[in-house]
There are 2 protein chains.
Amino acid sequence: MSTPAAPEPRPPLRERKKQRTREALLATGLRLFAERGFAETTLDELCDEVEVSKRTFFRTFASKEEVAMAPLHDLWELFLRELATATPAGETLVEFLHGVLLTALEGMTDPDWPRRVLVSQRLAERNPSVAAYGLYFCDRTTRAALALLRERFTLPDDLTVLLALDILIAAFHRAQEAWAAAPGPHTRDGLREHADAARTVLPVVLDAPVRAAARVGDS
Amino acid sequence: MSTPAAPEPRPPLRERKKQRTREALLATGLRLFAERGFAETTLDELCDEVEVSKRTFFRTFASKEEVAMAPLHDLWELFLRELATATPAGETLVEFLHGVLLTALEGMTDPDWPRRVLVSQRLAERNPSVAAYGLYFCDRTTRAALALLRERFTLPDDLTVLLALDILIAAFHRAQEAWAAAPGPHTRDGLREHADAARTVLPVVLDAPVRAAARVGDS
DNA sequence: TAGTCTTTTGCCACTCAGTGGCACAACGAA
DNA sequence: TTCGTTGTGCCACTGAGTGGCAAAAGACTA
């Protein structure tokens, strides 16, 4: 389980069994999707292998796509939890948000998490419904973050804050794509480096130039 | 039909009939979705009313969601067509893209288009699968725009260009939401004004401040 | 420890978006 | 007018997703 929960008293058996079921569905789902393809793996097959009913599957996950995107969504959920307690130190909003996101990234302590994120990224690249679900989840995260920020801080207007969040999420998303596409081992630190690089580019983006290409054959 | 195609020779009967079918499915779909709800309207009902088979529906649209989002997607498709011919005049990439988008917006000449866009926006707000589809469509538009830009212009690295496109699309998306939420008549010009306002905010966003709120009861 | 209450699970039937195959209808060209 | 091409409708089907309900499992109390 990749959620970096603080140590807490042992949950009741019922809760522990629910978490075991969730983890089994998630691990098996990611494995089967990666081996056979997302569309080519039915939920009946997944539930047979985990030995739970499909009814239970849908009590655990909202949709098939949620399994595929769960590793990344765990990160965003932690981001929101960190945002609920983080304190800015005079930096800009985008820098503050970026810092909170990196803190959440540090909180992804399960050594298997990067591998799972890579599987998720591949599934999103190859399956439109997975990609769409991921994008929608981030849009909802933006909404939740705005509400959290409004409760806790003095901020500019909603449009400015929403755009700051959109820019942060777009930068991380592109970083994640670049990380997944890069050769070599895929590590959490590597993802952080790509995220930092994307963050660094942001001030340049608004001033980026565009010129007609020199056309071959044009003298 | 909201596509602002240049005047062209009369298409063959087959093509005209296809377009009539598409328009009938679109107009009827939007109407039924708005009246009854997206999920509450089945494709069987829609096809019965238009008197085509469901098989034909799926030859015309890739999904039910595509009907709901078609008005906005028409705009993005025109954006890509404009991008294939537009010439920058020394402005930044984001300004150039914004200009092309406004040109595409001017090309949405059907007087019914704003009303349809409003219906689409409402459907997206109320139906996750519609919103997700719209977001995914825009992500694919970003990809297509990058490829177009690369063919035609000298540009910075892919990350910078992708982020410029992401920022443009996010700004327009938020403008559209604000436009839909605003009281009074919803016009294409109103949407342009909101788009301009969002564009204007962009340079400010990266420097936007965040401070702890003064807490009531704290002396 | 047994009984009772609460929560969870599995089973089942079902809906509906979406798909593929194929025969027939409609259109287009010579 | 004939023939080739393209489009349509019909049909059977799949699989994600849903609701109802009885049985099983866990929690709590005396």
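Biologist: Which helices of chain A and chain B each supply at least two residues of the surface near DNA strand C?

Modeller: First, the ground rules. This is a predicted model, where local features need pLDDT of at least 70 and side-chain atom pairs count only at pLDDT 80 or more, while totals for chains, interfaces and linings use all residues. Residues are numbered from 1 along each chain as its sequence is written, chains are lettered from A and ligands numbered from 1 in the order in which they are written, and side-chain values use heavy atoms, leaving out hydrogens and water. Helices are DSSP runs of H or I with at least four residues, strands are E runs of at least two, and both are numbered from the N terminus. "Near" means that a heavy atom of the residue lies within 4 Å of the molecule or strand. Here, α3 of chain A and α1, α3 and α4 (64–83) of chain B each supply at least two residues near DNA strand C.

Biologist: Which residues are the closest to DNA strand C?

Modeller: T56(A), R59(A), L13(B), R14(B) and K64(B), out of 20 that surround the strand. Sugar and phosphate make up 52% of the atoms of DNA strand C within 4 Å of the protein. By class, that surface has five nonpolar, five polar and 10 charged residues. Ala, Val, Leu, Ile, Met, Phe, Trp, Tyr, Cys and Pro count as nonpolar; Asp, Glu, Lys and Arg as charged; the others, Gly among them, as polar.

Biologist: What polar contacts does DNA strand C have with R59(A), R55(B) and L43(B)?

Modeller: A polar contact is a pair of N or O atoms within 3.5 Å; within protein, one must be able to donate a hydrogen and the other to accept it, and residues adjacent in sequence count only if both atoms are side-chain atoms. The side chain of R59(A) puts an N or O atom 2.6 Å from a base oxygen. For R55(B), a side-chain N or O atom is 3.0 Å from a base nitrogen. L43(B) uses a polar backbone atom, 3.1 Å from a phosphate oxygen.

Biologist: Which residues come nearest to DNA strand D?

Modeller: L13(A), K17(A), K64(A), T56(B) and R59(B), of 21 around the strand. Sugar and phosphate account for 56% of the DNA strand D atoms within 4 Å of the protein. The residues there divide into five nonpolar, five polar and 11 charged. Look at K17(A): a polar side-chain atom lies 2.6 Å from a phosphate oxygen. K64(A) brings a polar backbone atom 2.8 Å from a phosphate oxygen. R14(B) has a side-chain N or O atom 3.0 Å from a base oxygen.

Biologist: At what angle do the axes of α4(A) and α7(A) cross?

Modeller: Axes are lines fitted to C-alpha atoms, for helices over the stretch in contact, and angles run from 0 to 180 degrees between N-to-C directions. Helix α4 (residues 64–83) and helix α7 (residues 128–152) of chain A cross at roughly 15°, with axes coming within 10 Å. So α4(A) is roughly parallel to α7(A). Angles under 35 degrees count as roughly parallel, over 145 as roughly antiparallel, 65 to 115 as roughly perpendicular and the rest as oblique.

Biologist: What about α5(B) and α8(B)?

Modeller: Helix α5 (residues 93–106) and helix α8 (residues 158–181) of chain B pack at about 45°, their axes 10 Å apart. That angle makes α5(B) oblique to α8(B).
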